[in-house]
Structures are given as structure tokens and as C-alpha cells.
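Visitor: I am new to reading protein structures, and I would like to take a slow, close look at one part of this one. Could you walk me through it?

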Amino acid sequence: MIQETTKKATRDGVLEAARKITEILPPTPLLQAEINGTQCWVKAENLQPVGAFKIRGGWHRLSAMTNEEREGGVVAVSSGNHAQGVAWAARKLGIKATIVMPRDAPQVKLDNTRALGAEIVLYERPGEDRDEVAAKLIAEHGGTLVHAFGDPWVIEGQGSAGIEITEQLGGEPSAILACCGGGGLAAGLGLANPSAKIYAVEPVGWDMVGQAIASGELVTAAADAPKTICDALQPTATKQMNLDLLSGRAEAGVTVSDDEVRSAQRWAFANLRLVVEPGGAAALAAALAGKVPLDYRTVIMLTGGNADPQDFAKTIAG
């Protein structure tokens with residue numbers, strides 16, 4: 001049985017995470033961009049060593065573990081980017097890592113996670129509950145759960161990107177557009193930047209965070225939810241801790257289609273010379289489609305660059 005932590009994610013925790021991450025990772029670039037005639041900023045988290053912002057939460061969580069916890073290893077759930085963040089931190093700290101990943105995850109993410117030394121346990125998506133698979137592994141073999149978004153340390157770690165943004169801008173941004181799966185990044189950014197508007201951008205039909213914010217309670221994805229190319233943004237529901245942090249902070253109801261995401265990938269490649277995976281381009285897609293107001297202190301998160309080479313080539317070819 002997985003023990004629930006009593007820790008709560010706080011802004012002090014975000015500041016501590018930012019301090020720890022500064023010691024091992026350089027800041028990712030904050031790039032100027034002009035979108036629909038407005039100058040704004042793009043935070044290139046796709047340039048992290050594992051190609052995604054998830055390295056932040058992975059490092060903050062694992063580096064906070066006790067020696068006894070480290071000896072027991074970690075179990076994580078992920079479609080690929082959190083998997084690599086946890087695997088990277090685990091290898092650096094000498095911790096055994098087991099990652100529960102969907103069988104249909106992009107091959108590049110499966111390969112990269114294995115290359116970092118993690119053991120992968122596959123599950124069927126849809127059909128199986130990844131949290132249940134992880135719980136069974138921990139019950140049978142022990143270990144500490146490192147959830148992709150429903151973990152206070154992970155939330156704080158992701159929020160460290162917001163501290164970097166403030167330092168790079170010389171003050172808080174007016175708004176941050178965040179690609180959103182379970183809401184860990186959006187929640188962390190909300191803690192890091194208390195005066196900024198937070199826009200949680202999700203794929204059409206997978207706006208579990210947006211619906212939860214609007215209704216005030218957890219919402220589960222429909223059994224017939226549409227397919228999306230944003231493999232990183234498909235949790236079936238957020239967690240209560242994320243909803244508690246996002247309620248009253250994040251703007252609900254921002255969704256993007258696959259076509260809008262592909263357009264954003266092409267735009268990033270043509271204008272920023274960056275490779276961005278579908279889920280990592282969702283926030284940019286919302287900006288380009290005019291779904292969120294922009295100004296000169298708006299920051300758009302590019303959250304991942306682990307694109308399948310063949311799919312990316314087809315997208316860029318248009």
C-alpha cells in the first residue's frame with residue numbers, strides 16, 4: 001500500500017527546488033518571439049538534458065529522499081518525459097528506478113528511459129490504470145512512489161522554472177501559458193509566480209484539469225475520449241492536491257486541437273529553430289491560435305522536445 005505524504009507544496013519549497021537545480025543545471029533559454037504582432041517570450045524547456053522540464057521535479061524529489069528511501073528505490077508513472085527525468089536523477093544519485101509506462105509511448109521515450117538505466121514496466125492505455133500498476137509493484141517489491149504530477153516535491157521542482165523566468169525577465173511575468181497534463185507544472189508555476197495569470201493548456205477532450213477547475217471537483221476522462229497526438233498530456237484525471245493549488249489560480253477552458261499543435265510545431269521549427277514534441281507545443285498552439293491574450297511580459301512554456309523522428313518529419317513537411 002502506498003503511504004500518502006503529509007507534505008504540502010509551498011512557494012518556499014519552490015525556492016528551495018530552484019536553489020538545488022541551479023547547482024546542477026544551467027537555466028534554459030528565455031527567447032523573444034513575435035506572435036500575431038505581439039512581442040512575448042518562450043521558455044525553452046525542451047532543451048533540458050532529458051528534453052523536458054520533468055528533470056526539475058525528478059531531481060527535487062529524489063534528492064530529498066533519505067538514505068533508507070534511496071536504498072528501496074523509486075517507482076514512477078509516466079508516458080515518457082517524467083520517466084526520463086526520474087531516471088536521470090536516479091542514475092546521478094545511484095537509486096534503482098522502475099517506471100510504469102504505456103505500451104503505446106513513443107519509441108524514442110522508451111529507448112531514452114532505458115538508456116538512462118531505468119527498468120520499464122509496460123501497461124495498456126486505455127484499459128489499465130497506471131497508478132494501480134505502480135501500487136502493485138510497490139506492494140510486492142517496495143520503493144517510493146514518484147508520481148508524475150500528484151507529488152508535492154515534483155510540483156515544487158516544476159515550479160523552479162517560474163523562478164528562473166522571474167530572474168531572466170527581471171520581474172514576474174504577467175502570464176504564463178503552460179502545457180498541461182495532470183497539472184504539476186501549472187501548479188508549480190502558480191506557486192512560483194503568485195501575481196501571474198496561469199493558463200493551463202490541454203488537448204481537446206483531455207481537459208481534465210480545466211473541467212476540474214471549472215466544477216471544483218475531480219473529473220475523469222470519458223471512456224471514448226478522442227485520440228490526441230499529445231501523448232504526454234493524457235492523464236485520466238488530476239489529483240486533489242493539484243486541484244487545490246490550481247483553484248483560483250489557473251484559467252480554465254483552454255484547449256487545442258491536433259491541427260493547432262502541429263502548426264505550433266512547424267512554427268517553432270521555422271521561427272525558433274527548435275524541435276518540440278506535440279505535448280510540448282500545446283501552450284504555443286494556444287498562443288498562435290489567439291486563444292489567450294498576449295503582452296510583452298507573457299511567457300509561453302515549450303515543455304518537451306522528445307519528438308518521434310518520423311512523426312516530426314511528417315509534421316514539418318506539412
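Visitor: Which residues point one way from strand 4, and which point the other way?

Guide: Happy to help! Please keep in mind that this is a predicted model. From strand 4, Ala 97, Ile 99 and Met 101 point one way, while Thr 98, Val 100 and Pro 102 point the other way. Both sets are buried. In fact, six of the six residues of strand 4 are buried, so this strand is largely enclosed by the rest of the structure.

What surrounds strand 4? Let us begin with the sheet. Four strands make up an open sheet in the order 5-4-3-6, with parallel pairing. The edges are taken by strand 5 (119–123) and strand 6 (144–146); each of these has a single partner strand, so one side of each has no neighbour in the sheet. On average, neighbouring strands here are turned by 25° against each other, direction ignored.

Now look at the pairings inside this sheet. Strand 3 and strand 4 run parallel and are joined by four bridges. To find your place there, look for Val 77, which stands opposite Val 100 in strand 4. Strand 3 also pairs with strand 6, again in the parallel sense, over three bridges. In that pairing, Val 74 stands opposite Thr 144 of strand 6.

Next comes a helix. Helix 4 lies across strand 3, strand 4 (97–102) and strand 6, and runs at about 170° to strand 4. Between strand 3 (74–77) and helix 4 (81–93) there is a loop, and Ser 78 lies in it. Ser 78 deserves a pause. With a relative accessibility of 3%, Ser 78 counts as buried, because the cut-off for buried is under 20%. A polar atom of the Ser 78 side chain lies 3.3 Å from the backbone nitrogen of His 82. Setting aside neighbours within four places in sequence, Ser 78 is in contact with Ala 83, Ile 99, Val 100, Met 101, Pro 102 and Arg 130. You have already met some of these names: Ile 99 and Met 101 point one way from strand 4, and Val 100 and Pro 102 point the other way.

From here, we can turn to another enclosed element. Ten of the ten residues of helix 2 are buried, so helix 2 is also described as largely enclosed by the rest of the structure. Its buried residues include Lys 54, Arg 56, Trp 59, His 60 and Arg 61. How does helix 2 meet helix 1? The axes of helix 1 (residues 11–22) and helix 2 (residues 54–63) come within 10 Å and cross at roughly 100°. The two helices are therefore roughly perpendicular to each other. Helix 1 makes this contact with Gly 13, Glu 16, Ala 17, Lys 20 and Ile 21, and helix 2 with Arg 56, Trp 59, His 60 and Ser 63. The residues of this contact divide into three nonpolar, three polar and three charged.

One residue of that contact is a good one to zoom in on. His 60 is found in helix 2, and it counts as buried at 4% relative accessibility. The side chain of His 60 makes a polar contact, at 3.0 Å, with the side chain of Lys 20. Apart from neighbours within four places in sequence, the residues in contact with His 60 include Gly 13, Glu 16, Ala 17 and Lys 20, along with Trp 153, Glu 156 and Gly 157.

To finish, here is a hairpin. Strand 1 (residues 30–35) and strand 2 (residues 38–44) pair in the antiparallel sense over six bridges. Leu 31, for example, has Val 42 of strand 2 as its bridge partner. The hairpin formed by strand 1 and strand 2 has two residues between the strands. Asn 36 sits in this loop, and at 57% relative accessibility it counts as exposed. Most residues other than glycine have a negative phi. Asn 36, however, has a positive phi of about 50° although it is not a glycine. Strand 2 has a further pairing as well: with strand 10 (residues 298–302) it pairs in the parallel sense over four bridges. There, Ala 44 has Leu 302 in strand 10 as its bridge partner.

Key: Residues numbered from 1 in each chain as written. Predicted model: local features only at pLDDT ≥ 70, side-chain atom pairs only at ≥ 80, totals over all residues. Heavy atoms only, no water. Pairing = 2+ DSSP bridges. Buried < 20%, exposed > 50% of the residue type's maximum accessible area, 1.4 Å probe, protein only. Polar contact = N/O pair within 3.5 Å; in protein donor to acceptor, adjacent residues only side chain to side chain. Contact = heavy atoms within 4.5 Å. Axes fitted to C-alpha atoms, helices over the stretch in contact; angles between N-to-C directions. Parallel < 35°, antiparallel > 145°, perpendicular 65-115°, else oblique. Nonpolar A, V, L, I, M, F, W, Y, C, P; charged D, E, K, R; others polar.
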